[in-house]
Amino acid sequence: MQTIFNHRSIRKYQDKAIPADVLRRIIEAANRASNTGNMQLVSIVATTNSDIKQALAPAHFNQKMITEAPVVLTICADVNRMNRWCDLRNAKHGFMNMQTLYTATLDATIAAQNAALEAEHLGLGICYLGTTTYNARQIVEVLNLPKGVIPVTTITIGYPADMPSLTERLPIEAILHMERYEDYTDEKIDALYAERESLESNINFCKENNKENLAQVFAEVRYTKEGNEHFSDELMDVLKLQGFLK
């Protein structure tokens, strides 16, 4: 529990390799994750080679963590292995569809969080990269992912070079709905976001981006409609390329 509540995103790492047994322990934690039907529709590509990390960097908008972290984990939804097993056992399968992709994506996400928690428990720092699905095609090419395999998320892992402060979170009331979903009133939205909007760091964030409020920064600067639609189209193309969509 202490590991969970002390989580920080670590973006700067020491120039120190992760021992093979430590990395294996992290992957073992991912392997023990809950999953649908014990199919384990997950694969993890652990990248330590500097040339491959350099090749991956553009897909992640050249964030320094990719090349500076000793290990980069690309967690994938993997239906390929299940398909191959069924083919070898003369089992008629039908996994190349959105239902199974959704299941595999959930499995991959849970496995990723298990890996992240174990890494932090062992004294390492981690950072999730949300860019994985933005430029999935590039990652597919660099990591030689076959049909039936889609990158879901990426985690950089290493020994922290610094320890940033905890990132703010919305209050529990923002995410908890008892018994049934209760939609938000304007007053409740104001209350839930009040503390976050009052933080000096976020007030400065708005000024730096020349926006009136934090919502405008998120919607009009960081995650724009145009950007979301562009990367959505890119992801749909990759899903077709990898065999999940016709």
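User: Which residues does Q138 touch, not counting residues up to four places away in sequence?

Analyst: A list of contacts is best read with the location and exposure of the residue in view. This is a predicted model. In it, Q138 touches P58 and A59 once residues up to four places away in sequence are set aside. Q138 belongs to helix α7, residues 136-142. With a relative accessible area of 33%, Q138 is partly exposed.

User: How many residues along the chain separate Q138 from L56, and what is the distance between their C-alpha atoms?

Analyst: Separation in sequence and separation in space are to be read side by side. Q138 and L56 are 82 residues apart along the chain, and their C-alpha atoms are separated by 7.6 Å.

User: Where is P58 placed, and which residues does P58 touch?

Analyst: P58 is in the loop between α3 (50-56) and α4 (64-68). Not counting residues up to four places away in sequence, P58 touches N135 and Q138. P58 is partly exposed, at a relative accessible area of 39%. The C-alpha atoms of P58 and G148, 90 residues apart along the chain, are separated by 23 Å.

User: How should the nonpolar core be read, and which residues have the most contacts inside it?

Analyst: One begins with the size of the core, then turns to its best-connected members and to the elements that supply it. The largest nonpolar core has 52 residues. Those with the most contacts inside this core are I18, I26, L73, I75, L124, I155 and I157. Helix α6, residues 98-121, provides the largest share of the core, namely eight residues.

User: Taking I18 as an example, with which residues is it in contact beyond its neighbours within four places in sequence?

Analyst: I18 is in contact with L23, P70, V71, L124, I157, G158 and Y159, leaving those neighbours aside. Two of these partners, L124 and I157, are themselves listed among the residues with the most contacts inside the core.

User: What describes the packing of helix α2 against α6?

Analyst: A helix pair is described by an angle, a distance between axes, a handedness and the residues in contact. Helix α2 (residues 20-31) packs with α6 at an angle of about 140°, and their axes are 7 Å apart. The crossing of α2 past α6 is right-handed. On the α2 side the contact is made by R25, I26, A29 and A30, and on the α6 side by A111, N114, A115, E118 and A119. In character, the residues of this contact divide into six nonpolar, one polar and two charged. I26 also appears among the residues with the most contacts inside the largest nonpolar core.

User: How many disulfides are counted, and why does C76 not form one?

Analyst: The test is the distance between cysteine sulfur atoms, with a cut-off of 2.5 Å. The count comes to zero disulfides. C76 does not qualify because its sulfur is 18 Å from the closest cysteine sulfur, in C127, which is too far for a bond. C86 likewise fails because its sulfur is 20 Å from the closest cysteine sulfur, in C76, again too far for a bond. As for exposure, C76 counts as buried at 0% relative accessibility. C86 is buried as well, with a relative accessible area of 9%.

User: What is the sign of phi in N38 and N144, and where are these residues found?

Analyst: Backbone angles are read together with the type of residue and its place in the fold. Phi of N38 is near 55°, a positive value in a residue other than glycine. N144 also has a positive phi, of about 55°, although it is not a glycine. N38 is found in the loop between α2 and β1 (42-47), while N144 is found in the loop between α7 and β4 (149-158). N38 is exposed, with a relative accessible area of 60%, and N144 is exposed, with a relative accessible area of 64%.

User: Is N80 buried or partly exposed, and which residues are its contacts?

Analyst: N80 counts as partly exposed, at 22% relative accessibility; the limit for a buried residue is under 20%. N80 is placed in helix α5, residues 80-88. Leaving aside its neighbours within four places in sequence, N80 is in contact with P146, K147, G148 and V149. N80 and M96 are 16 residues apart in sequence and 9.0 Å apart in space, C-alpha to C-alpha.

Key. Residues are numbered from 1 along each chain as its sequence is written. This is a predicted model: local features need pLDDT of at least 70, side-chain atom pairs count only at pLDDT 80 or more; totals for chains, interfaces and linings use all residues. Side-chain values use heavy atoms; hydrogens and water are left out. A nonpolar core is a set of buried Ala, Val, Leu, Ile, Met, Phe, Trp, Tyr and Cys residues joined through side-chain atoms within 4.5 Å. Buried means under 20% relative accessible area, exposed over 50%, partly exposed in between (1.4 Å probe, protein chains only). Helices (H or I, at least four residues) and strands (E, at least two) are DSSP runs, numbered from the N terminus. Contact means heavy atoms within 4.5 Å. Axes are lines fitted to C-alpha atoms, for helices over the stretch in contact, and angles run from 0 to 180 degrees between N-to-C directions. A crossing is left-handed if the near helix is turned anticlockwise from the far one by less than a right angle, and right-handed if clockwise. Ala, Val, Leu, Ile, Met, Phe, Trp, Tyr, Cys and Pro count as nonpolar, Asp, Glu, Lys and Arg as charged, and the others, Gly among them, as polar.
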